[in-house]
Amino acid sequence: MQLRYLKTALPPTEGIQKVTSIAWSPNCKRMAAVTTDRVVQLFDDNGEKKDKFSTKPADAAGPKNFMVRGMAFSPDSSKLAIGQSDNIVFVYKLGLEWGDKKSICNKFLQHSSITTLVWPHGRHNELVFGLSEGKVKVGQLKTNKAATLYAHPDGAYCVSLASSPDGASVCSGHMDGSIWVFNFDDGAGARLCTHSCVPYALSWGAAIVAGGADCKLTFYNDNAGAGGGGGGGAAPQTFDYSGDENVREFASAAFNPAGETVVVGSFNRFHVYTYNMHRAAWEEAGVKTVENLYTVTALGWKPDGSRLAVGALCGNVDLYDACMRRHRYKGKFEFTYVSNSNVIVKRLSTGTRIVLKSHFGYEVTKINIYSDRFLVAHTLDTLLVGDLDSCRLSEVPWSGSGKERYDFDTERVCVVHSAGELSVIEYGRNEVLGTCRTTHTAPHLLSVRVSEPRADLGRPDNKKIAYLIDLQTVRITDLASGGGHGGGEHGGGGAGGAGQHAERRGGGRRHPAGRAA
């Protein structure tokens, strides 16, 4: 992973003005940063300042002597949650466009100070925050009430909080060094392990990483301790810098969106670690040293993995370009590999971008673009296809020969020809819509029709394929419901497609399928 300095989004001050939190919106269009001055600065995706607003105290008539302890955007990017040390969490409705009116849509008043906050992926109406009394609570936007997920048995101060990449779990670090994990599916919290010091730096990606004042960084198995007891929470790997006088305490940590790279902030530097899939181990990928940066207090990855925002003790926020490698394709597109399984495809003529990501975490080995619009990529076990105009991508299990032929004549779908078999893949669905076998694969002998349902017109979805099984027989298969269509003289009964079918035979005369079903 290479980190290259781009620009300073927020300049430093003359004294100490710690950056307490950095947050990116999931749609990649906004970045929010706040310092001890309690003013939230809003930037666009290029780091240009676009807006700002002052946070409010819990008591409107009270003094402004609080700190912002955490910020997080909602999964739909329209709201920003702000946790404050004066015992309250405010949720601001910002809208999706610059200039939209700001308003407070939710607030959660507590009996103790808010210490940290996250908004798990995919949980639109639930945000999670930690308290100084050791509790971890969920704020429910629909009821405007907070409920306790779990509480530390000794009431140890919650110092850090992190969400799993899929949003199904959260983990918290406490003042006694313990790390707890809560899973939303089973509703149970359990002690994962006890770290060697207070885990101020905590993040969750392919593993849970924790670090603190003893200059030791540990990667824990994220499934350890699921059954309680913490016995499974043994550290698989530890990096010990306690004997290195150039390394000071770790203050912050953040995994990239793919979960394969983590950046950990220290004094005048930040360390980069990547996961080596071949060795099944974490490796130090490099150290970025910046003189007079002082302590790195906040880190934030852009959701597409292309940018890293670094906040420091003196109030500065710097942006870094992040990539493993970058190259151009036919002079029209640029491929930026931000991780092994995550590639940003950029059209050079317009600057539009789409994120190509393997949902299984597989390494993307090959990318091609057909007709300057349709994207095809391969991993060892899957095939990814997409439409750059509609920004819809699909990933399906695949074990082809590498000699496949692709047909993009039909809107919304890609037809893959491989060894006499046709596979229909609808963009945006991570499964094969249907398959059939035929040796007549010429474009004029094949017809596919895929359209979305129209409830206002009472029209169901229409997903059909018509093809020849021999020179005198046309088979029409309904890919959506499996029902037979086509008005044939008699229905077929075999299994030559995704479902049932209808056949029509000609009396010694060839009946090619038309261009429309």
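I would like to begin with residues 224-234, where pLDDT stays under 50 and for which the model has 17 contacts beyond four places in sequence. The model is a predicted one, and a second stretch of this kind covers residues 504-517, where pLDDT again stays under 50, although the model has 40 contacts beyond four places in sequence for that stretch. Where pLDDT is low, the predicted coordinates should not be read in detail. I will therefore not go through the individual contacts of residues 224-234. For the protein as a whole, the average pLDDT is 86, and 88% of the residues score at least 70.

Let me turn now to some loops between strands, going along the chain.

Cys 28 sits in the loop that runs between strand S2, residues 19-24, and strand S3, residues 31-35. Its relative accessibility is 16%, and because buried means under 20%, Cys 28 counts as buried. The backbone of Cys 28 deserves a remark as well, since this residue is not a glycine and yet has a positive phi of about 70°. Arg 38, which is found in the loop between S3 and strand S4, residues 39-43, also has a positive phi, near 65°, and is likewise a residue other than glycine. As background, most residues other than glycine have a negative phi.

The next residue is Ser 74, in the loop between strand S6, residues 68-73, and strand S7, residues 79-84. Is Ser 74 buried or exposed? With a relative accessibility of 1%, Ser 74 counts as buried, because that value falls under the 20% cut-off. Its side chain is joined to the side chain of Asp 76 by a polar contact of 2.5 Å. If we leave aside the neighbours within four places in sequence, Ser 74 is in contact with Pro 26, Lys 79 and Trp 119.

The last residue I want to show is Asp 100, whose place is in the loop between strand S8, residues 88-93, and strand S9, residues 103-109. Asp 100 has a relative accessible area of 32%, and it is described as partly exposed because this value lies between the 20% limit for buried and the 50% limit for exposed. Which backbone atom lies 3.0 Å from a polar atom of the side chain of Asp 100? That atom is the backbone nitrogen of Glu 97. Beyond its neighbours within four places in sequence, Asp 100 is in contact with Leu 94 and Gly 95.

Note on methods: Residues numbered from 1 in each chain as written. Predicted model: local features only at pLDDT ≥ 70, side-chain atom pairs only at ≥ 80, totals over all residues. Heavy atoms only, no water. Helix = DSSP H or I, 4+ residues; strand = E, 2+ residues; numbered from the N terminus. Buried < 20%, exposed > 50% of the residue type's maximum accessible area, 1.4 Å probe, protein only. Contact = heavy atoms within 4.5 Å. Polar contact = N/O pair within 3.5 Å; in protein donor to acceptor, adjacent residues only side chain to side chain. pLDDT = per-residue confidence, 0-100.
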